[in-house]
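Colleague: I keep meeting labels in structure write-ups and never know what earns them. Could you walk me through some, one at a time?

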Amino acid sequence: MLLELFPMPIVHLSRRSLWPVVALAALATGACDRQSPAGEQPAGAEKTAEKAGPDVPLSGTLDISQRGKAAPDVSFKDPDGKTVTLAAFKGKPVLVNLWATWCGPCVVEMPTLDALAAREKDRLVVLTVSQDMQDLDKIAPFFAEKGFKNLQPYTDQENNLGFSYQTGVMPTTVLYDAQGKEVWRMIGGMDWNGTRASALMEETLAAKG
């Protein structure tokens, strides 16, 4: 069905082979390389993210190689600082977006995720999970400054989800069906208001149960 809808680049790679390919494609798809040592974040990155604008390409690569795989059983924090896992969100399709405040393409696509969350609130849960490893106190103010009304600041300081997905770049966005099985993942930025995103999600959102 997805292949019929869009003649787009689709990745069918093992985890081991996916890392170098995605790293090379990061600039073309509108993404940030996240393969720096743990605890290291780009100097002056916040200013870079703030300057990022509409010119940043949002043409992520669709990867269906993990379709049908159960969501990883790893923990992250909800907006109140409580530990949660993706299993808590079963019952409705879930879109998990991994982002960081210093990632320009992540910041650029966030308003479209906010609009998607509002538009599909009855059929979809949108989780934006920060992969920032430091300065976590800046995340909530960032949300307030941007005026997001439908997104909440989940955090994953240990990068548990990022290490589970192993895409090597951000943003990475993964769609799960209502049973918690992966449908596809988008590696790189995406316009979630666009027709491509809508078509890719519709089959899952329209499914009963």
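Colleague: Why is Glu-120 called buried?

Modeller: Keep in mind that this is a predicted model. Glu-120 has a relative accessible area of 14%. The cut-off for buried is under 20%, so Glu-120 falls on the buried side.

Colleague: What makes Arg-123 and Glu-120 a salt bridge?

Modeller: Look at the closest N and O atoms of the two, which are 2.9 Å apart. A salt bridge asks for a side-chain nitrogen of Lys or Arg within 4 Å of a carboxyl oxygen of Asp or Glu. So Arg-123 and Glu-120 pass.

Colleague: And is Arg-123 buried or partly exposed?

Modeller: Partly exposed, with a relative accessible area of 26%. That label covers values between 20% and 50%, so Arg-123 fits it.

Colleague: Which salt bridge links Arg-123 to helix α7?

Modeller: That's the one with Glu-202, at 3.1 Å from N to O. Glu-202 sits in helix α7 (residues 195-206), while Arg-123 is in the loop between α4 (104-119) and β7 (125-130), so their bridge ties together parts that are 79 residues apart in sequence. Glu-202 is partly exposed too, at 35% relative accessible area.

Colleague: How do you know that Asp-135 and Lys-138 make a salt bridge?

Modeller: Their closest N and O atoms are 3.9 Å apart. With the limit set at within 4 Å, the pair counts, so it goes on the list. Asp-135 has a relative accessible area of 41% and Lys-138 has 37%, so both are partly exposed. As for networks, shared partners join Glu-120, Arg-123 and Glu-202 into one. The count for the chain is four salt bridges.

Colleague: How many aromatic pairs are there?

Modeller: The count comes to eight. One of them is Phe-142 with Phe-148.

Colleague: Why is the pair of Phe-142 and Phe-148 called edge-to-face?

Modeller: Two values decide it. The ring centres are 6.2 Å apart, and pairing needs them within 6.5 Å, so the rings pair. The planes stand at 65 degrees, and over 60 counts as edge-to-face, so that's the name. Both of these residues, Phe-142 and Phe-148, are buried. Together with Trp-99 and Phe-143, they form one aromatic cluster.

Colleague: What makes Asn-159 buried?

Modeller: Its relative accessible area is 6%. Buried means under 20%, so Asn-159 qualifies. You'll find Asn-159 in the loop between β8 (153-155) and α6 (160-165). Its C-alpha atom is separated by 9.3 Å from that of Leu-98, and the two residues are 61 apart along the chain.

Colleague: How do you know that strand β3 is mostly covered?

Modeller: Just count along residues 59-63: four of the five are buried.

Colleague: And what makes β3 and β11 a pair of strands?

Modeller: Four bridges join β3 to β11 (residues 182-190), and the two run antiparallel. Pairing takes at least two bridges, so these strands pair. Here's one partnership to look up: Leu-62 has Met-186 as its bridge partner in β11.

Colleague: Zooming out, what does the chain have in the way of helices and strands?

Modeller: Seven helices and 11 strands. Buried residues make up 50% of its 209 residues. Among contacts with a separation of 6 or more, 78% come from residues 24 or more positions apart.

Methods
Residues numbered from 1 in each chain as written. Predicted model: local features only at pLDDT ≥ 70, side-chain atom pairs only at ≥ 80, totals over all residues. Heavy atoms only, no water. Phe/Tyr/Trp six-rings, centres within 6.5 Å; stacked < 30°, edge-to-face > 60°. Buried < 20%, exposed > 50% of the residue type's maximum accessible area, 1.4 Å probe, protein only. Contact = heavy atoms within 4.5 Å.
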